[in-house]
Amino acid sequence: QVQLVESGGGLVQAGGSLRLSCSASGIIYSINDMGWYRQAPGKQRELVAITTNSGNPNYADSVKGRFTISRDNAKNTVYLQMNSLKPEDTAVYYCNADANAWGGKRNYWGQGTQVTVSS
């Protein structure tokens, strides 16, 4: 089993910044894509940003130019630097990883961390 633990969420004013972290633990052989999704109240979960294990990122149009995803493969950790935050960025942010681990290859989710942006 693989566990994803997120940290770094919180309350921030519009225009501010937050940095989310997600660390994977367990008997992990490798992690392919690793990234962030978010879900606002009453809305479907959506992709925010994702990166391959070689560091190639892909962003949702709504966050391009404001958010930056990065990862440290040695630590099995992915980060999301969020700048110029807007109230519409308010959501629960979930870490996601495609991992090859003891027991097989599967997709994993973290428990989520709340990001609230006040106007």
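**Aromatic contacts and an open sheet in a predicted model**

Tutor: At 14% relative accessibility, Tyr94 counts as buried in this predicted model.

Student: Is Trp109 buried, partly exposed or exposed?

Tutor: The relative accessible area of Trp109 is 39%. Buried would require under 20% and exposed over 50%. Trp109 is therefore classed as partly exposed.

Student: What geometry do Tyr94 and Trp109 adopt as an aromatic pair?

Tutor: Their ring centres lie 6.5 Å apart, and the angle between the planes is 85°. Planes over 60 degrees apart count as edge-to-face. The pair of Tyr94 and Trp109 is accordingly edge-to-face.

Student: How many residues apart in sequence are the parts that this pair of Tyr94 and Trp109 ties together?

Tutor: Tyr94 belongs to strand β9 (residues 91-101), whereas Trp109 belongs to strand β10. Because the two rings lie in these two strands, the pair links parts of the chain whose separation in sequence is 15 residues.

Student: The structure holds two aromatic pairs; what is the centre-to-centre distance in the one formed by Tyr37 and Trp109?

Tutor: Tyr37 and Trp109 also meet edge-to-face, with 65° between the planes. Tyr37 lies in strand β4 (residues 28-39) and Trp109 in strand β10 (residues 104-109), so this pair ties together parts 72 residues apart in sequence. The distance from centre to centre is 5.0 Å.

Student: Which residues form one aromatic cluster?

Tutor: Trp109 pairs with Tyr37, and Trp109 pairs with Tyr94 as well. The cluster thus formed comprises Tyr37, Tyr94 and Trp109.

Student: Over which ring does the charged end of Arg106 sit?

Tutor: Two arginine contacts can be described here. The charged end of Arg19 sits over the ring of Tyr79, 4.2 Å from its centre. For Arg106, the charged end is 4.3 Å from the centre of the ring it sits over, that of Tyr108.

Student: Which strands stand at the edges of the open sheet β1-β3-β8-β7?

Tutor: This four-stranded sheet is paired in antiparallel fashion, and its twist averages 15° from one strand to the next. An edge strand here has a single partner, so one of its sides is left without a neighbour in the sheet. The strands in that position are β1 (2-7) and β7 (67-72).

Student: Which residue of β3 stands opposite Val5?

Tutor: β1 and strand β3 (residues 18-26) run antiparallel and are joined by six bridges. The residue in β3 opposite Val5 is Ser23.

Terms used: Residues are numbered from 1 along each chain as its sequence is written. This is a predicted model: local features need pLDDT of at least 70, side-chain atom pairs count only at pLDDT 80 or more; totals for chains, interfaces and linings use all residues. Side-chain values use heavy atoms; hydrogens and water are left out. Rings of Phe, Tyr and Trp (its six-membered ring) pair if their centres lie within 6.5 Å; planes under 30 degrees apart count as stacked, over 60 as edge-to-face and the rest as tilted. Buried means under 20% relative accessible area, exposed over 50%, partly exposed in between (1.4 Å probe, protein chains only). A charge sits over a ring if NZ of Lys or CZ of Arg is within 6 Å of the ring centre and within 35 degrees of the ring normal. Two strands pair if DSSP finds at least two bridges between them. Axes are lines fitted to C-alpha atoms, for helices over the stretch in contact, and angles run from 0 to 180 degrees between N-to-C directions.
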